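The following exercises ask the reader to derive architectural descriptors from a model of two chains. Please work through each task before consulting its solution.

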Amino acid sequence: MDAGFLWNSQPGSPNSRPALGRGTAHLGWTTFPLVLAGALGLWEALVRWQDYPPFILPGPGLVARKAWQMAVEGLLWRHLQATLLEILLGLFLGIGVALVLGYFLGKHPALEHLLSPYLVASQTVPIVAVAPLLVIWFGSGLVSKVLVCALIVFFPTLVSTVVGIRNVDPDLRDLMTSLQATPRQVFFKLELPAALPVIFGGLRLSALLSVVGAVVGEFVGADVGLGFLINLGRGVLDTSMIFVAVFSLVLVAQLLYGGVRMLEHVFLQWQRIGR
Amino acid sequence: MKDVSPPPVLELHWVSHAYRSGPRPIPALARVHVQVAAGEFVCIVGPSGSGKTTLLRIAGGLLRPETGQVLLDGEPLTGPHPAIGFVFQRTNLMPWRTVLDNVLLPLELQGPIGPPEREKALHLLETVGLAEFADAYPAQLSGGMAQRVALVRTLIRDPEVLLLDEPFGALDALTRERLNLELLALHARYRPTVLMVTHSIEEAVLLADRVWVLGGQPGRMVAQVPVDLPRPRNVAVVAQKSFGQLALRIRELLGLVQEAPRRGVGHPPGGR
């Protein structure tokens with residue numbers, strides 16, 4: 001969770017210089033605690049200097065105490081757990097459908113021509129407008145949140161899969177044909193590994209958006225979850241509770257993103273081998 | 001038709017082809033009727049657009065000719081065949097596989113890989129001097145090394161027929177020459193039947209038993225030039241008088257020799 005995380009070493013370009021990425025990552029790890037301490041210091045200073053009341057801007061100490069209290073009561077874990085479950089199920093559903101559909105759209109341009117207007121339309125409608133409908137149709141339980149999450153996660157993975165599959169080197173397809181490879185072999189030995197770097201780009205975005213999806217779902221109607229806590233905190237002017245929920249969400253997003261990066265690290269090892 | 005003593009391995013029977021992807025068909029190849037004997041090394045030269053690559057793809061079963069037929073060992077060829085190995089101009093190595101895994105790919109598609117297969121791959125890599133690069137990735141190789149790996153990958157299935165589409169076209173002149181000599185050595189050792197498209201007339205004369213000269217659009221067979229330089233060959237062949245004469249003869253057939261100061265200079269008497 002170092003700084004410069006988003007932009008160092010794009011997985012899409014096979015020529016990215018690995019040395020640069022490694023250098024900034026190192027810098028990130030050493031400076032991260034310093035930057036964090038600096039930010040917390042500024043925050044505390046701002047609160048003291050302006051003398052804000054806690055319901056406007058609580059200081060870091062107050063938020064930390066609130067977090068501790070919520071953790072001890074088991075409140076934080078209960079809501080965190082609910083949101084995590086929605087996110088993970090949403091991710092699996094959205095990414096799963098996107099990968100399968102993306103593969104077929106990538107293989108059959110005609111199919112993409114046919115479906116792309118609807119896919120684009122589905123993305124131009126704001127998710128906050130769709131979420132209430134889903135809550136009406138599927139209730140305010142787990143299902144509607146998972147669907148909102150899956151819906152928002154779907155598109156980046158879909159697009160990256162289509163692009164990844166379409167960009168498979170036609171000469172390598174030729175090679176596989178000349179070697180009498182079966183369609184199954186072409187998929188596992190050529191298409192999948194060739195498209196993976198591009199697909200991972202989409203997965204990173206999907207991982208981050210999944211958090212947004214779950215919170216949007218919870219905002220519309222829920223009785224548990226971090227998004228629900230934020231809503232609750234707003235209602236009773238418990239600003240430090242909002243802060244605790246927001247920081248928890250940030251942490252969840254960081255962990256998900258880190259998870260995708262770790263998978264990339266494992267699966268795309270060959271990309272780090274430079275000339 | 002000239003009689004060749006060993007039976008033909010590969011026969012093209014009045015093969016014609018046109019590409020029909022655009023609004024109007026583009027004729028590429030017209031009525032080519034040739035055969036290649038076992039162990040023979042044939043080079044194909046011709047201006048761009050004369051159907052060299054089309055001919056090669058048809059001979060390898062990658063492309064179905066519109067009319068005519070391809071026979072491999074007397075059997076009609078309907079598609080890619082395990083006895084035919086292709087080497088493309090681009091090396092087509094998979095960047096996510098190590099050199100060894102790239103070489104093993106053709107065998108992997110046929111069945112499980114065990115120690116004997118690995119052994120064989122390493123041995124072949126050794127013959128082109130790349131044994132210690134077995135665990136390297138393609139990005140770590142030079143162009144010449146990568147093309148050697150591609151060649152070895154094709155050889156691992158012990159192909160009867162080797163089809164090379166300008167394999168060394170993207171390499172620098174020195175590397176290219178070195179690889180030509182390695183190819184000569186490999187041919188002398190394994191004796192595959194080779195069909196190779198090239199842009200270099202000298203390369204064709206150095207390597208081939210016979211040079212097919214294609215021309216026109218659609219491409220047709222202008223001439224088949226036998227190269228009767230003795231084998232085994234080495235670089236010294238280049239200095240022989242007949243080498244230069246053959247190269248000149250091919251240039252004439254390609255229409256490259258115009259307004260020579262004195263006509264007839266360098267003509268091999270009778271030509272054969």
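Three exercises with solutions follow.

The model is predicted, so local features need pLDDT of at least 70 and side-chain atom pairs count only at pLDDT 80 or more, while totals for chains, interfaces and linings use all residues. Residues are numbered from 1 along each chain as its sequence is written, and chains are lettered from A and ligands numbered from 1 in the order in which they are written.

**Exercise 1. Fold and domains of chain A**

Determine the secondary structure content of chain A and its domain assignment.

Solution.
Step 1. Helices (H or I, at least four residues) and strands (E, at least two) are taken as DSSP runs, numbered from the N terminus. Chain A has ten helices and zero strands.
Step 2. Of the 275 residues of chain A, 35% are buried, where buried denotes 20 or more other C-beta atoms within 10 Å of the residue's own, with C-beta atoms placed from the backbone.
Step 3. The assignment, which is automatic or taken from a database, gives domain 1 (18-51) and domain 2 (55-272). The centres of these two domains of chain A, taken over C-alpha atoms, are 27 Å apart.
Step 4. Contact requires C-beta atoms, placed from the backbone, within 7 Å. On that basis five residues of domain 1 of chain A touch four residues of domain 2 of chain A. The domain 1 side comprises four nonpolar, no polar and one charged residues; Ala, Val, Leu, Ile, Met, Phe, Trp, Tyr, Cys and Pro count as nonpolar, Asp, Glu, Lys and Arg as charged, and the others, Gly among them, as polar.

**Exercise 2. The interface between the chains**

Count the residues of chain B in contact with chain A and classify them.

Solution.
Step 1. In chain B, 16 residues are in contact with 16 residues of chain A.
Step 2. The chain B side divides into twelve nonpolar, three polar and one charged.

**Exercise 3. The sheet of chain B**

Establish the strand order of the sheet in chain B and identify its edge strands.

Solution.
Step 1. Strands pair if DSSP finds at least two bridges between them. Six strands of chain B form an open sheet of mixed pairing, ordered E6-E7-E8-E3-E9-E10.
Step 2. Strands E6 (84-87) and E10 (220-226) of chain B each have a single partner strand, so one side of each lacks a neighbour in the sheet.
Step 3. Within the sheet, strand E3 (residues 41-45) and strand E9 (residues 210-215) of chain B run parallel and are joined by four bridges. B:Ile44 has B:Trp212 in E9(B) as its bridge partner.

Notes. Contact = placed C-beta atoms within 7 Å. Buried ≥ 20, exposed ≤ 12 C-beta atoms within 10 Å, placed from the backbone.
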